There are 2 protein chains.
Amino acid sequence: MVAVKKSRTRLDPATRADLILSTALRLFEEQHYTAVSVRDIAEACDINAALIYYYFENKDALLRQVLAQAIGQLQASYDASERHALNPAQELTLWLKVHVPIAPMIIRMVKIMADYSASSIRDAETDQLILEFYAREQDFLETCLRRGIAGGFFHPVDVASTARAISLQLDGIFYASQARGDERIAQDIENLCAIVEGPLRIPRR
Amino acid sequence: MVAVKKSRTRLDPATRADLILSTALRLFEEQHYTAVSVRDIAEACDINAALIYYYFENKDALLRQVLAQAIGQLQASYDASERHALNPAQELTLWLKVHVPIAPMIIRMVKIMADYSASSIRDAETDQLILEFYAREQDFLETCLRRGIAGGFFHPVDVASTARAISLQLDGIFYASQARGDERIAQDIENLCAIVEGPLRIPRR
């Protein structure tokens with residue numbers, strides 16, 4: 001216990017906020033968003049609940065921060081990828097593949113979003129966060145497809161419905177890996193890339 | 001209260017079992033499988049918990065029955081559809097469309113399966129039920145595709161991965177309707193039918 005207390009006092013505010021967030025994420029994942037209290041998170045962090053309220057307004061604010069961090073990580077992975085000089089078709093494939101190494105984080109995000117949405121709790125800012133995440137995804141996919149069609153890389157498909165289908169396929173892949181308990185994310189994304197590169201793609205001239 | 005008690009004594013065993021099941025389904029949906037106790041279900045049914053144990057061994061048995069009933073309803077809807085004299089491509093489209101009118105029930109099933117799988121509870125029979133549900137779905141889709149390809153209705157795609165993609169798309173559609181809170185199931189299934197009837201389909205000769 002002495003060791004724990006010692007290390008506890010050493011934590012700077014940023015590290016402590018990170019510890020609270022990662023603990024909240026773990027508890028939201030293992031249990032259910034509605035079943036986890038700020039007190040549970042405090043106990044798991046071995047700190048006083050009042051200290052959590054010093055960093056985060058309430059549980060909703062914690063949830064938003066957890067989701068925002070996950071969304072940020074996905075975006076950062078894509079931004080860090082080598083995508084200069086790629087054509088729109090290659091960019092789409094790269095974007096899909098970026099999901100593979102960070103799959104465990106996305107599974108958590110998908111689960112927490114579903115738990116939140118299924119609950120009777122409504123928080124306007126969280127709703128907005130989820131809405132914007134999917135709107136940005138749809139927008140990225142539509143832009144890729146539109147540029148790909150204009151550049152002669154893709155067949156002239158309906159951009160909005162094709163983007164939606166790709167986005168739903170991703171949701172399905174991450175949902176299924178949880179619900180079916182099979183570990184096939186890499187293979188399923190490979191499969192989705194093959195569809196994007198196959199029927200959608202105009203053969204190279 | 002007198003009226004409730006009166007109606008309660010009138011229930012025959014089958015009706016009472018149905019009431020318990022539908023109440024369990026509602027509570028599992030509103031809350032979380034792990035958060036609902038047999039006592040909660042008994043209270044919501046206005047009966048004694050012991051009576052639930054008379055019909056169902058335990059909560060796991062209740063969950064299995066709830067899932068089995070949902071799976072059975074999906075199968076019954078398909079069996080009741082007019083599918084004599086359909087070719088494999090039409091049969092696939094019909095099967096997809098059968099999901100639309102019973103969407104609310106499937107959303108519940110999808111949520112409960114995910115909640116169960118994400119929990120630390122493992123029940124061999126429930127695992128088997130979920131596994132078999134998806135295996136049957138995959139099998140149906142593969143058979144449709146194989147017959148469709150053999151009959152010249154579909155392009156010669158990879159049967160296993162295409163069936164998997166269709167199954168994941170369905171999961172994604174039902175997951176998204178919950179997580180994103182948009183009510184687009186009919187439109188999304190229409191979109192999936194268009195993909196099956198479009199790029200997959202060999203134009204009519």
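Start by selecting helix 7 of chain A: in this predicted model, that helix gives the largest share of the lining of the largest cavity, 6 residues. Keep the selection on screen, since the first stops are all around this cavity.

**Stop 1: the largest cavity**

What volume does the largest cavity have? About 190 Å³. The lining is made by 18 residues, and the ones to pick out as sticks are Ala114(A), Asp115(A), Tyr175(A), Ala114(B) and Tyr175(B), which lie nearest the cavity's centre. Now add the rest of the scenery: helix 7 (103-118) and helix 9 of chain A, plus helix 7 and helix 9 of chain B, are the elements that give two or more residues to this lining. Colour the lining by residue class and you get 11 nonpolar, 3 polar and 4 charged residues. While you're here, note that the count of cavities of 30 Å³ or more comes to 3.

**Stop 2: helix 7 against helix 9 in chain B**

Next, hide everything except residues 103-118 and 159-179 of chain B, which are helix 7 and helix 9 of that chain. How do these two helices pack? Their axes are 9 Å apart and make an angle of about 90 degrees, which means helix 7 of chain B is roughly perpendicular to helix 9 of chain B. To see who is touching whom, show side chains for Ala103(B), Ile106(B), Ile107(B), Val110(B) and Lys111(B) on helix 7, then Phe174(B), Tyr175(B), Ser177(B) and Gln178(B) on helix 9. By class, the residues of this contact are 6 nonpolar, 2 polar and 1 charged.

**Stop 3: the largest pocket**

Bring both chains back and select Ile195(A), Pro199(A), Ile195(B), Val196(B) and Pro199(B): of the 30 residues that line the largest pocket, these are the closest to its centre. The space in that pocket is about 730 Å³. Which elements should you colour here? Go for helix 9 (159-179) and helix 10 (185-197) of chain A, together with helix 9 and helix 10 (185-197) of chain B, as these give two or more residues to the pocket lining. The lining breaks down into 18 nonpolar, 10 polar and 2 charged residues.

**Stop 4: the axis between the chains**

Now try superposing the copies. A turn of 180 degrees, with a shift of 0.0 Å along the axis, lays chain B on chain A with an RMSD of 0.0 Å. That is the relation of a two-fold axis. To find the axis in your viewer, click on Gly172(B), the residue of chain B that comes closest to it, at 1.7 Å (C-alpha). Then select the interface: 100% of the interface residues of chain B are also interface residues in chain A, so the copies meet through the same surface.

**Last stop: zoom out on chain A**

Finish with chain A as a cartoon. How many helices and strands does chain A have? There are 10 helices and 0 strands. The C-alpha trace of chain A spans about 70 × 35 × 30 Å along its principal axes.

Notes: Residues are numbered from 1 along each chain as its sequence is written. Chains are lettered from A and ligands numbered from 1 in the order in which they are written. This is a predicted model: local features need pLDDT of at least 70, side-chain atom pairs count only at pLDDT 80 or more; totals for chains, interfaces and linings use all residues. Side-chain values use heavy atoms; hydrogens and water are left out. Axes are lines fitted to C-alpha atoms, for helices over the stretch in contact, and angles run from 0 to 180 degrees between N-to-C directions. Helices (H or I, at least four residues) and strands (E, at least two) are DSSP runs, numbered from the N terminus. Angles under 35 degrees count as roughly parallel, over 145 as roughly antiparallel, 65 to 115 as roughly perpendicular and the rest as oblique. Contact means heavy atoms within 4.5 Å. Ala, Val, Leu, Ile, Met, Phe, Trp, Tyr, Cys and Pro count as nonpolar, Asp, Glu, Lys and Arg as charged, and the others, Gly among them, as polar. On a 1 Å grid over the protein atoms alone, a cavity is a set of points where a 1.4 Å probe fits but cannot get out, and a pocket is an open set with protein on both sides within 12 Å along at least five of seven lines; lining residues have an atom within 4 Å of a point. Grid points are joined across faces, edges and corners, and a volume is the space filled by probe spheres set on the points. Copies are superposed by least squares on the C-alpha atoms of residues with pLDDT of at least 70 in both.
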